[in-house]
Each structure stands twice: as C-alpha cells, then as structure tokens.
Amino acid sequence: MPNVVEVEGLEAYYRTPAGDDIKAVDGVSLAVREGEVLGIAGESGCGKTTLAQVLGLTVQKPLYVRSGKVLLEGRNALALDRETMRREVRGKTISTVPQGAMNSLNPTLRVRNLVIDVMRDHNPRIRRREAVERARERLDLLGLPPRVLEAYPHQLSGGMKQRVITVVSTLLDPVLLIVDEPTSALDVTSQKVAIKLLVDLLAKRIIRSIVFITHELPLLRHVADRIAIMYAGRLVEVGAMEDIVFRPQHPYAEGLVGSVLVPEPGMKERTVTGIPGRPPDMRRPPAGCRFAPRCPKRFDLCDRDPRPFGIDGREVWCWLHRDQPNAERP
C-alpha cells in the first residue's frame, strides 16, 4: 500500500515563559499507509498529542517545529504558508478530531451553523443549502437523526457530541483523520460506537487512513493495523498490532502491555504488573536510552542512544536486539 503521509526526522519543542526549549518530539520518523489505522500509544506526557498537533498542522505557540518534514504526495506540508495550508491541506487532506472533542463545539451555535461555517470557510462558493444537505447525509450515515442539525451542543449527549465532531471533521472527506484520545470521556457503550464509527468511515472510503492516539493500549487491538509505541518523545517500537500486543520486544512496550488488565482471550491470563519509576523530566532527559532508568534489563550499552533494529517486520529501538541473527537495521 502507498503511504498517505511520511514523517521524517521530526523535532518539536515547547518554549517556556523563561525562554527555555523543551523537546517534546525527538527525531520521529514514520509513515501512515493508505487504508490502515496506525495506533500511537504511550503514557501521558510521552509526546503523543504533540505529534498529533504537528501531523494535523495545528501547531500553535508555545509549540514549534525546529526540524523535520511532514510529506504529503512528496510536498512538505510544514513548509507551506498558512493560507495555503488552510485552503488546500487542513480539513481536506488532513483533519483532526482533537483531544477533548466534546468540548470543541461552540455552545452558541446550532450544529447547522457550525457545518455551514466549516464548509464555506474552505469553499466560499458552496451554498448554505448544499452544506446542510451534505451534513444531513453524513449524519444519517453515522446513525444520527436530522434533528441534530437544529440542536445546540448542550442538548446533545456525550456520545452524540463525539459523533457530531467526527462528522464535522470529515465533511471534506480528508485523506488522513487524526483522532486524539477519542474515547477517554465516554462510557463503554459510547466507546464502542465511536470506534465503529471510525471503522465505518474507513470502510466506506470517506477517509483513507486513520492515526488513532490513545494511552489505552487494549483499545488499539480492536481498531489498529499497526501500533507505534512512544516514550519520552521518541519511538521505541513500531509493528503490526498482533506483534506489539502479544509479543512486544522493547522492555517499555512489554511493561505497557503488562500494566493493563484486559478481560479477553489471550490477554486475561497475564499477571498485571506496573512499570516502576516515572517518565523523565524532559527539561533534563537522561543520556542514551530514555527508558533505561526504569528498565529491568538495563546494561552498559543503554548509556548510548539506541538505533532502530528491524526484527520480524518491526522496528525496535533497543540494544538488547543488537546480536540477534535476524536483527537488521531498517
């Protein structure tokens, strides 16, 4: 499958009021393939949401990108001027369902008016009636009644607001949809509806790929094709969903999987264990492997920055795999 977006050497920082720069995304390179759901998982503060903001082209101060590329059909989207990015890329090629999506609806606007504003912002020539009809068709496709168009946000349940935000984010049929913690504030039933909604959008080719960001690793088993594990701003393991969930190779990925109770066949038999310690202070990250201070398998090479090793179709940034006969640098 071709790649819909490629990220190369991405480095993103936050500028503090004191003028210090804190690196939140450190040298990340990855690709999203057409037709796939790429899950990105890790503890809070690992850089997932920052990566989502850069991928979604919604970077705002104090966040800034120092280096790297986000390639769309060979064009670096980060090098585009703001107007070109707004008119040609954001919403049409890449769209985002942000973290806290249920609070993203303007409380003073009916859903109908929000839809019209979004559609006409990207295409001023579109008629109001045409914009509303597009939204009505999309609402019906996603199981929402037409009356939702006349509602204010406070008149909708949490699950309905989540679906409305997803409808608004996909009105222009983006190539890539980035969803950041889309189920964190929902009950179990609404979580299932939200995940099914995303899968249906992909199956109907309304969107062509999804980046699904979450700290709830078990969710990715139901939606992701591949998973990228992040820790302290860096990737530590990227591979097929089944490999990451059932056969993790990086000690952090192993700890992340083992720290969650999952009542499902093949996983419920595991003993739940926590990860000792806490993530590093990104103002003063440790030298070498960022996970080394918490890692039960640490040894002398961990004082050096790990390189990615290719193992059985996945990438693992860990010196433990340097001597395996099937380990090759990707």
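## Helix α1

Within α1, the buried residues are Lys48, Thr50, Leu51, Ala52, Val54 and Leu55. That makes 6 of the 8 residues of the helix, so α1 is largely enclosed by the rest of the structure. The model is a predicted one.

The helix spans residues 48–55, and Leu55 belongs to it. After α1 comes Leu57, which has a positive phi, near 60 degrees.

## Surroundings of Leu55

Leu55 has a relative accessibility of 0% and therefore counts as buried, the cut-off being under 20%. Beyond its neighbours within four places in sequence, Leu55 is in contact with Val7, Val70, Ile94 and Ile178.

Leu71 is 16 residues away from Leu55 in sequence. Between the C-alpha atoms of Leu55 and Leu71 the distance is 9.8 Å.

## Nonpolar cores

The largest nonpolar core has 61 residues, and within it Ile227 and Ile229 touch the most other members. Apart from this core lies another, of 35 residues, which includes Val4, Leu51, Leu72 and Leu80. Leu51 is also among the buried residues of α1.

What is Ile227 in contact with, leaving aside its neighbours within four places in sequence? On one side of Ile227 in the numbering are Leu38, Gly39, Leu217 and Leu220. The other contacts of Ile227 are Glu237, Val238, Gly239, Met241, Ile244 and Val245.

## Overall fold and dimensions

The protein chain contains 9 helices and 12 strands. Its radius of gyration is 21 Å; a compact globule of 330 residues would have a value near 20 Å, so the two agree. Taken along the principal axes, the box filled by the C-alpha atoms is roughly 65 × 45 × 40 Å.

Among contacts between residues at least 6 apart in sequence, 60% join residues at least 24 apart.

## Burial, surface and charge

Of the 330 residues in the protein chain, 50% are buried. The exposed area of the chain is about 16100 Å², and 48% of that area is supplied by carbon and sulfur atoms.

The chain carries 49 positive and 41 negative side chains. The centres of these two sets of charges lie 5 Å apart.

Conventions
Residues numbered from 1 in each chain as written. Predicted model: local features only at pLDDT ≥ 70, side-chain atom pairs only at ≥ 80, totals over all residues. Heavy atoms only, no water. Helix = DSSP H or I, 4+ residues; strand = E, 2+ residues; numbered from the N terminus. Rg over C-alpha atoms; globule rule 2.2 N^0.38 Å. Buried < 20%, exposed > 50% of the residue type's maximum accessible area, 1.4 Å probe, protein only. Contact = heavy atoms within 4.5 Å. Areas by Shrake-Rupley, 256 points an atom, 1.4 Å probe, with all protein chains shown as cover. Lys, Arg positive; Asp, Glu negative; His and termini not counted. Charge placed at Lys NZ, Arg CZ, Asp CG, Glu CD. Core = buried A, V, L, I, M, F, W, Y, C linked by side-chain atoms within 4.5 Å.
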